[in-house]
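Q: Could you walk me through the place where the two chains meet, in some detail? I'd like to know what holds each side and what sits around it.

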Amino acid sequence: MRAFSLKGLKEEGISRMNILRILLEKIKRLLGIITAVHRGKATDIIAFELTERENIFMVLLLGSLIGLPSPPTIFALELLPLLEKEMEVMVARNDLSQDPLGALMGMLNID
Amino acid sequence: MGRHIFFLGKGGVGKSTLSSALACKMQETKKILHISLDPAHNLGDIYGKRLSERKVSITANLQALEVDLSLWMDRYLQWSREELKRQYSYNVTINLDSFFNILKYSPGTEEYAVLWAIEQICKENEQVYDTLIFDTPPTALSLRFLSMPSLSMRWVSELRKMREKILAGRQTLLRINPESQSLRGTARKEDDQVYGKLAQIHYRLEYMYNLFKMKSYLVVVVNEDKLSLAESVRIKEELARLEIPLSAVCLNKTGCTDLDETTPQIKSAFPDIPVFSSEIVPGRINSINDLAGINLDDLLSDYLSGENI
């Protein structure tokens, strides 16, 4: 009888521990999401600036193709194999250029 | 290794003739490589031998070659095309083939080919020869390839600064929000291939700039007429702007006409640069033996005196 209740208590303890652990996990995840959102918000402008810089870097490099003053195309050619990701950025930014103000306003949370 | 000698000047003033006469004179005591960068090659005609991309011996101490610019360009474009195909995982939105076809006519391509050819030739032959003598293409192209290192260096250093800012932005983002969608590629200068490539291009341009500025003996050839004088004055001004020193002026074919009144003008146009003159050779330059008739002793001694400093 005594041994049984002890066992029961033990089981109960384990399940309580489990519940606690699960709760802790959930809180952790929630906190993680909250910090991620905050980190995301905090770095929005930095990220925007970075993307824009990468875009400008590419536009400068390939400027001669669209009539901008630029370094000799031959240098662009030498760098081009290493700039695949930046090329994607430039193409994506190009699509966005239809509504650049809208994109900026969205990023700054202005409705 | 002495300084490299470059002959500049208007087309037809006798750059090739004078440079080959100098080469023939110098090969008596030194080992010389004579390089023609002019797309309208006539060095082979003077030497009476068919020249090509590979060195041809004229005498025991004198070798000559002609640079084929379109070959250098094709070689370079081919390399770039393969590199692009190898690196890119998918065909990017631009049509690569038409891009490469345009590139041949893109500004800067031709002078870059000349620059690249000079760089390669110098690096390969500096140890083997005492002096490299270059016969340059028409003035416009020569000035463009001479100005290319300093102009491009400015571009490349601006691009480097820009790249540094991008990398700094990535570092900040990596610290605060490592999961950001905007993080592409490495944030460290040492790992960034683009930064490395820019540094490499900058190094190469600097090498070429120093080669023109410090390791070259630039000679402008001029005739006794107003047009060639005007063009050589333009060369002088352009070189001054680039801070590349002009070493000597060579007045060729004196006494051939009665236009001698330009001679004092030439001396006054180049007050601080030695002016040497070579008289017209009776008859024509038909073979390598006729070149001995051109007296370039003063020019040669001026070149050699600079070497000892």
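A: Let's agree on one term before going in: two residues are in contact when heavy atoms of theirs lie within 4.5 Å. Keep in mind, too, that this is a predicted model.

With that in hand, take Glu78(A). It touches Tyr76(B), Trp79(B), Tyr112(B), Lys197(B), Ile201(B) and Arg204(B), leaving aside residues up to four places away in sequence. Glu78(A) sits in helix H2 of chain A, which covers residues 73–79. Is this glutamate buried or exposed? The cut-off for buried is under 20% relative accessible area, and Glu78(A) has 4% relative accessibility, so it counts as buried.

Now zoom out to the whole contact between the chains. On the chain B side 48 residues take part, and they meet 35 residues of chain A. About 3900 Å² is buried between the two chains, and carbon and sulfur atoms give 74% of that area. As for charges, the rule finds five salt bridges across the interface of chain B and chain A. One pairing you can look up is Glu54(A) with Arg170(B), where the closest N and O atoms are 2.8 Å apart. Seven residue pairs in polar contact also turn up across the interface, with both partners at pLDDT 80 or more.

Which parts of chain B face chain A? Five helices each supply at least two residues to that side: H3 (69–87), H4 (96–103), H5 (109–125), H6 (139–176) and H7 (193–214). H6(B) gives the most, with 14 residues. Sorted by class, the side of chain B that touches chain A has 26 nonpolar, 14 polar and eight charged residues.

The nonpolar packing is worth a look as well. The largest nonpolar core has 76 residues, and the members touching the most others are Phe57(A), Ile35(B), Val67(B), Ile118(B), Leu146(B), Phe212(B) and Phe270(B). H6(B) gives the most to this core too, with eleven residues. Pick Val67(B) and look at its surroundings: not counting residues up to four places away in sequence, Val67(B) touches Ile35(B), Ser36(B), Leu37(B), His41(B), Glu53(B), Trp72(B), Ala117(B) and Ile121(B). Apart from the largest core lies another one, of 32 residues, including Ile5(B), Cys24(B), Ile32(B) and Tyr47(B).

Behind the interface, here is the rest of chain B. Chain B has ten helices and eight strands, and 52% of its 309 residues count as buried. Among contacts in chain B with a separation of 6 or more, 76% are between residues 24 or more positions apart.

Salt bridges are a handy way to trace how pieces of chain B connect. Over all chains, the structure holds 20 of them. Take Glu126(B) and Lys215(B), whose side chains meet with N to O at 3.8 Å. Glu126(B) is in the loop between H5 and strand E5 (131–135) of chain B, and Lys215(B) is in the loop between H7 and strand E6 (216–222), so this pair ties together parts that are 89 residues apart in sequence. Glu126(B) counts as buried, at 15% relative accessibility, whereas Lys215(B) is partly exposed, with a relative accessible area of 35%.

Glu158(B) and Lys161(B) make a local pair, with their side chains meeting in a salt bridge at 3.2 Å, N to O. Both lie in helix H6 of chain B, three residues apart, which is about one turn of the helix. Each counts as partly exposed: Glu158(B) at 46% relative accessibility and Lys161(B) at 47%.

Then there is Lys213(B) with Glu243(B), a salt bridge at 3.7 Å, N to O. Lys213(B) lies in helix H7 and Glu243(B) in the loop between H8 and E7 of chain B, so the pair ties together parts that are 30 residues apart in sequence. Lys213(B) is partly exposed, with a relative accessible area of 26%. Glu243(B) has another feature to check in the backbone: its phi is near 60°, a positive value in a residue other than glycine.

Finally, back to where the chains meet. Salt bridges that share partners join Glu54(A), Glu86(A), Arg163(B), Arg170(B), Arg184(B) and Asp192(B) into one network, and the pairing of Glu54(A) with Arg170(B) mentioned earlier is a salt bridge between two of these residues.

Technical notes: Residues numbered from 1 in each chain as written. Chains lettered and ligands numbered in written order. Predicted model: local features only at pLDDT ≥ 70, side-chain atom pairs only at ≥ 80, totals over all residues. Heavy atoms only, no water. Buried area = accessible area lost by both parts, 1.4 Å probe. Salt bridge = Lys/Arg side-chain N within 4 Å of Asp/Glu carboxyl O. Polar contact = N/O pair within 3.5 Å; in protein donor to acceptor, adjacent residues only side chain to side chain. Helix = DSSP H or I, 4+ residues; strand = E, 2+ residues; numbered from the N terminus. Nonpolar A, V, L, I, M, F, W, Y, C, P; charged D, E, K, R; others polar. Core = buried A, V, L, I, M, F, W, Y, C linked by side-chain atoms within 4.5 Å. Buried < 20%, exposed > 50% of the residue type's maximum accessible area, 1.4 Å probe, protein only.
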